[in-house]
Amino acid sequence: MFNMATMAADECRADAEERTYYRWIDKASQLLGHQVAMGSHEESDLHDFYADGCTPDEAVTELLAQQALEAA
């Protein structure tokens, strides 16, 4: 049964997950030396690494390696 308490709990859970992701992206941005634009291809790639359980350090290393391969 859907009620206001269930809805509020779901919203709080989603907000906490979003805050965790935004902190993760902020750390990755610091490591990259620039702010990652939300909705960008770079952010999409980083989100994939986040979903795979990578740390920001691991994700940035992988992202930079991929970019180097694409540039070669």
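How exposed is tyrosine 50, in terms of relative accessibility? At 25%, tyrosine 50 counts as partly exposed. Keep in mind that this is a predicted model. The protein has 3 helices and 0 strands, so reading along the sequence just gives you α-α-α. Of its 72 residues, 22% count as buried. As for contacts between residues at least 6 apart in sequence, 43% join residues at least 24 apart.

**The aromatic cluster**

- Four residues make up one aromatic cluster: Tyr21, Tyr22, Trp24 and Tyr50.
- The count of aromatic pairs comes to 4. One of them is tyrosine 21 with tyrosine 22, where the ring centres are 6.0 Å apart and the planes sit at 50°, so the pair is tilted.
- Those two tyrosines are neighbours in name, but their exposure reads differently: tyrosine 21 is buried, at 8% relative accessible area, while tyrosine 22 is partly exposed, at 41%.
- Tyrosine 21 also pairs with tyrosine 50, and here the centres are 4.9 Å apart with the planes at 65°, so this pair is edge-to-face.
- That second pair links two helices: tyrosine 21 lies in α1 (residues 4-32) and tyrosine 50 in α2, so the pair ties together parts that are 29 residues apart in sequence.

**Helix α2 and its buried acid**

- Helix α2 covers residues 41-51, and glutamate 42 is found in it.
- Here's one to look at if you care about charges: glutamate 42 is buried yet has no salt bridge. The nearest side chain of opposite charge belongs to lysine 27, and that is 16 Å away.
- What does glutamate 42 touch, leaving out residues up to four places away in sequence? The list is Leu32, His34, Val36, Leu63 and Gln67.
- Glutamate 42 has company among the buried residues of α2, which are Glu42, Glu43, Asp45, Leu46 and Phe49. They cover an arc of only 160° around the axis, which puts them on the same side of α2.
- Flip to the other side of α2 and you'll find His41 and Ala51 exposed.
- Just after α2 comes glycine 53, which takes a positive phi of about 90°.

**Helix α3**

- Helix α3 runs over residues 56-71, so you get 16 residues. From its first C-alpha to its last it reaches 22 Å, close to the 22 Å expected at 1.5 Å a residue.
- Which residues of α3 are buried? They are Pro56, Ala59, Val60 and Leu63. Their arc around the axis is only 95°, which puts them on the same side of α3.
- Leu63 shows up twice in this briefing: it is buried in α3, and glutamate 42 touches it.
- On the other side of α3, Thr61 and Leu69 are exposed.

**Threonine 61 up close**

- Threonine 61 has its place in helix α3, and its relative accessible area is 52%, so it counts as exposed.
- Threonine 61 and alanine 28 are 33 residues apart along the chain, and their C-alpha atoms are separated by 9.8 Å.

Technical notes: Residues are numbered from 1 along each chain as its sequence is written. This is a predicted model: local features need pLDDT of at least 70, side-chain atom pairs count only at pLDDT 80 or more; totals for chains, interfaces and linings use all residues. Side-chain values use heavy atoms; hydrogens and water are left out. Helices (H or I, at least four residues) and strands (E, at least two) are DSSP runs, numbered from the N terminus. Buried means under 20% relative accessible area, exposed over 50%, partly exposed in between (1.4 Å probe, protein chains only). Lys and Arg count as positive and Asp and Glu as negative; His and the chain ends are not counted. A salt bridge is a side-chain nitrogen of Lys or Arg within 4 Å of a carboxyl oxygen of Asp or Glu. Contact means heavy atoms within 4.5 Å. The arc is that of the directions from the helix axis to the C-beta atoms. Rings of Phe, Tyr and Trp (its six-membered ring) pair if their centres lie within 6.5 Å; planes under 30 degrees apart count as stacked, over 60 as edge-to-face and the rest as tilted. The expected span of a helix is 1.5 Å times one less than its number of residues.
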